[in-house]
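Subject: A structure for you to look through

Dear colleague,

I am handing over the structure below, and after it I describe what was found. Please keep it open beside this email while you read.

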Amino acid sequence: KEKAFIAELKEKFSEREYKEITRLRWMYLVREMLPMKEKRIWMISDKMSRGDDNGEAFFRYMNSSRHIRKKVKSYYLMDKNSADYARLKKTGRIVQYNSFKHKWLSLVCEYHFIAYANDAVTKPLLKYNDCFKDVMKREWIVFLQHGPTQNNISSALNKYNQNFKAIVTINESERNSFLEYNYFYRNEQIKLAGFPRYDYLKNAE
């Protein structure tokens, strides 16, 4: 069955794309057949072009705790041409957007914590996405947001468009709005936890 599926792909993609897709699929299938004991893998991101948002704050927290680092491998996803790339590389593991490693981690990571819900992060395999529908996790993205949600944006963020594992909110009013409007998430999926970047605010007085 797998060989027949792979043969069909050869007709749809260039030689380079075909090789990348088949390499990813075989690596994934071998990993599933021969499970190895390894740390949990979490991917984290803000915009691909810059850090300095909830994703970076969470990434800094993940790497500040030796206890967490023993259990979880965290990777921060961004464009290698970003002005923040070198700075964040000093904090922990960085993975370049749209690299082979980015695509591989998208298949095997337990969660991806995102501040921005766009195709760059919610459809990590880009034009390959349809080739991996059978192996991609259904609920694996946690939406950290990048600011409080004030309006009804359920048409963009509802479960049938995004299917987030969880959505992080900052107060009861915001949390209730995600439950009242047609987002279609379960009560336990809307978390009242505050934004990670707020932990780095300081009183200047």
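In this predicted model, arginine 25 lies over the face of phenylalanine 132, at 5.8 Å from the ring centre, and a second arrangement of this kind involves arginine 93, whose charged end sits over the ring of tyrosine 75, 5.7 Å from its centre.

Rings also pair with one another, and the count comes to twelve aromatic pairs. A pair of aromatic rings is described by the distance of the centres and the angle of the planes. For tryptophan 42 and phenylalanine 113 the centres are 5.1 Å apart and the planes stand at 50 degrees, so this pair is tilted. Because tryptophan 42 lies in strand β1 (residues 40–45) and phenylalanine 113 in strand β4 (residues 111–114), the pair ties together parts that are 71 residues apart in sequence. Both tryptophan 42 and phenylalanine 113 are buried, and together with Phe58 and Tyr111 they form one aromatic cluster.

Phe58 leads us to helix α3 (residues 54–64), where eight of the eleven residues are buried, so the helix is largely enclosed by the rest of the structure. Among these buried residues are Phe58, Phe59 and Met62, and also Asn54, Glu56 and Asn63. What do the buried residues of α3 pack against? They pack against the strands β1, β2 (72–78), β3 (93–96) and β4, and against the helices α4 (66–71) and α5 (85–89).

Turning to the cysteines, the count of disulfides comes to zero. Cysteine 109 is in no disulfide, since the nearest cysteine sulfur, that of cysteine 131, is 19 Å away, whereas a disulfide would need the two sulfur atoms to be within 2.5 Å. Cysteine 109 is buried, with a relative accessible area of 0%, and cysteine 131, at 5% relative accessibility, counts as buried too.

Finally, please look at the backbone in two loops. Most residues other than glycine have a negative phi. Glutamine 145, however, has a positive phi of about 70 degrees although it is not a glycine; this residue is found in the loop between β5 (141–143) and α8 (154–157), and it is buried, with a relative accessible area of 2%. Asparagine 163 likewise has a positive phi, near 55 degrees, and lies in the loop between α8 and β6 (166–169), where, at 10% relative accessibility, it counts as buried.

With best wishes

Note on methods: Residues numbered from 1 in each chain as written. Predicted model: local features only at pLDDT ≥ 70, side-chain atom pairs only at ≥ 80, totals over all residues. Heavy atoms only, no water. Phe/Tyr/Trp six-rings, centres within 6.5 Å; stacked < 30°, edge-to-face > 60°. Helix = DSSP H or I, 4+ residues; strand = E, 2+ residues; numbered from the N terminus. Buried < 20%, exposed > 50% of the residue type's maximum accessible area, 1.4 Å probe, protein only. Lys NZ or Arg CZ within 6 Å of the ring centre and 35° of its normal. Contact = heavy atoms within 4.5 Å.
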